[in-house]
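Colleague: I've just opened this one and I'm a bit lost. Could you pick one part, take a close look at how its strands and helices fit together, and walk me through it slowly?

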Amino acid sequence: LIKGVKRIDKLAEDLGISNEKLEVSNRDLGISNKKLGVANENLEITNKKLEVSNRDLGIANEKLKGLDKLKSEFLSLASHQLRSPLTAIIGYASMIIEGSYGAVVDTQKEPIDRILQTGKNLSTMVEDFLNVSKIEQGGMKYEKVSFDLAEIVSLMAKDLSIIAETHGLKLVYEDDGSAPYTVDGDKEKLRQVVLNFIDNAVKYTKTGTINVSVSRNNNKVVFAVKDSGMGISPEIMPTLFQKFARGEGGKVNTTGSGIGLYLAKEIAEAHDGRVWAE
């Protein structure tokens, strides 16, 4: 009996301790619930702030779209307005050099020729800006036909080799002998791509050789330009085909617009092709 009483006392004592632990647990649970309530309130506040931020971001994006549209429209308008006076400058300078207005003395030939070349360069730049505007407004049209790309590349290389020689450079064209190099595309637009790549090589190569080539890779025709120029740093490579991205090249040649490679990329992709640099 005494042993039984002792056991009962021990159980009662343990039960008292358990009740104390339970009370502590309940208190802790109450504190945790309060903390959870505070956390939920903070989460609601954060969600409301996020909703406001998203609305503000949406408004900002709409404003940016509007500004971008205005920029494209202004670029198109300004470029169109520049076309007429540039055509007159180029036309009259060309006629003067040809002697349409009488003999030109030797001291006049160089400045008049400079006017003519500068006018042509500016005209090309204006045309580039117009094309950028058309691309951004979804108005660039392509008249695709089947033709041999090598014909355009070889003729362009031949014409530009004369310019390369004046810079002390050698420009060489070659193909891999797997003619014809037939593609479906807009001749004039792809001619512009070829021109932009070769022209860039001439601009940024001080000495050495420029190799222009056409080859076949399975069902694709590959046009490539390799030069001994200044090279492209890894930091510049990711932005190379973006608008106005010129990197270190802008310090070497200040006459470019910075949109030639961007146009080349857009035109190539519109023909289910791609452009890249190594």
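Modeller: Let's start with one pair of residues: Ser-146 sits across from Asp-184 of strand S3. Keep in mind that this is a predicted model. The two strands here are S1 (residues 145–148) and S3, which pair in the antiparallel sense over four bridges. In a regular strand, side chains take turns between the two faces of the sheet. You can follow that along S3 (residues 182–185): Val-183 and Gly-185 point to one face and are buried, whereas Thr-182 and Asp-184 point to the other and are not.

Now for the sheet that I'd like to spend most time on. It is an open sheet of three strands in the order S2-S4-S5, with mixed pairing. S2 and S5 (220–227) stand at the edges with a single partner strand each, so one side of each has no neighbour in the sheet. On average, neighbouring strands are turned by 10 degrees against each other, if you ignore direction.

Where does the mix come from? On one side, S2 and S4 run parallel, joined by seven bridges; Lys-170 stands opposite Thr-209 in S4. On the other, S4 and S5 run antiparallel and are joined by eight bridges. The hairpin of S4 and S5 has two residues between the strands, and Asn-218 takes a positive phi near 60 degrees there. Further along, Val-214 has Phe-223 in S5 as its bridge partner.

Next, add the helices. H3 packs on this sheet and touches S2, S4 and S5, with its direction making about 170 degrees with that of S2. H4 packs on the sheet too, touching S2, S4 and S5, and its direction makes about 20 degrees with that of S5.

How do the helices meet each other? Two packed helices are described by the angle and the distance between their axes. Here, the axes of H3 (residues 149–166) and H4 (residues 187–203) come within 10 Å and cross at roughly 35 degrees. The crossing is right-handed. Among the residues making the contact are Ile-152, Val-153 and Ala-157 of H3 and Val-194, Leu-195 and Ile-198 of H4. Sorted by class, the contact has eleven nonpolar, no polar and three charged residues.

Helices and sheet strands also share the largest nonpolar core, which has 31 residues. The members that touch the most others are Leu-171, Phe-197, Ile-198, Val-212 and Phe-223. H3, S2 (169–175), H4, S4 (208–217) and helix H6 (260–270) each supply at least two residues, and H3 gives the most, with eight.

Try clicking on Val-212 to see how this comes together. Setting aside neighbours within four places in sequence, its contacts include Val-153, Ala-157, Leu-171, Ile-198 and Phe-223. Apart from this core there is another one, of seven residues, with Phe-129, Ile-135, Ile-259 and Leu-263 among them.

Notes: Residues numbered from 1 in each chain as written. Predicted model: local features only at pLDDT ≥ 70, side-chain atom pairs only at ≥ 80, totals over all residues. Heavy atoms only, no water. Axes fitted to C-alpha atoms, helices over the stretch in contact; angles between N-to-C directions. Left-handed = near helix turned anticlockwise from the far one by under 90°. Contact = heavy atoms within 4.5 Å. Nonpolar A, V, L, I, M, F, W, Y, C, P; charged D, E, K, R; others polar. Core = buried A, V, L, I, M, F, W, Y, C linked by side-chain atoms within 4.5 Å. Buried < 20%, exposed > 50% of the residue type's maximum accessible area, 1.4 Å probe, protein only. Pairing = 2+ DSSP bridges.
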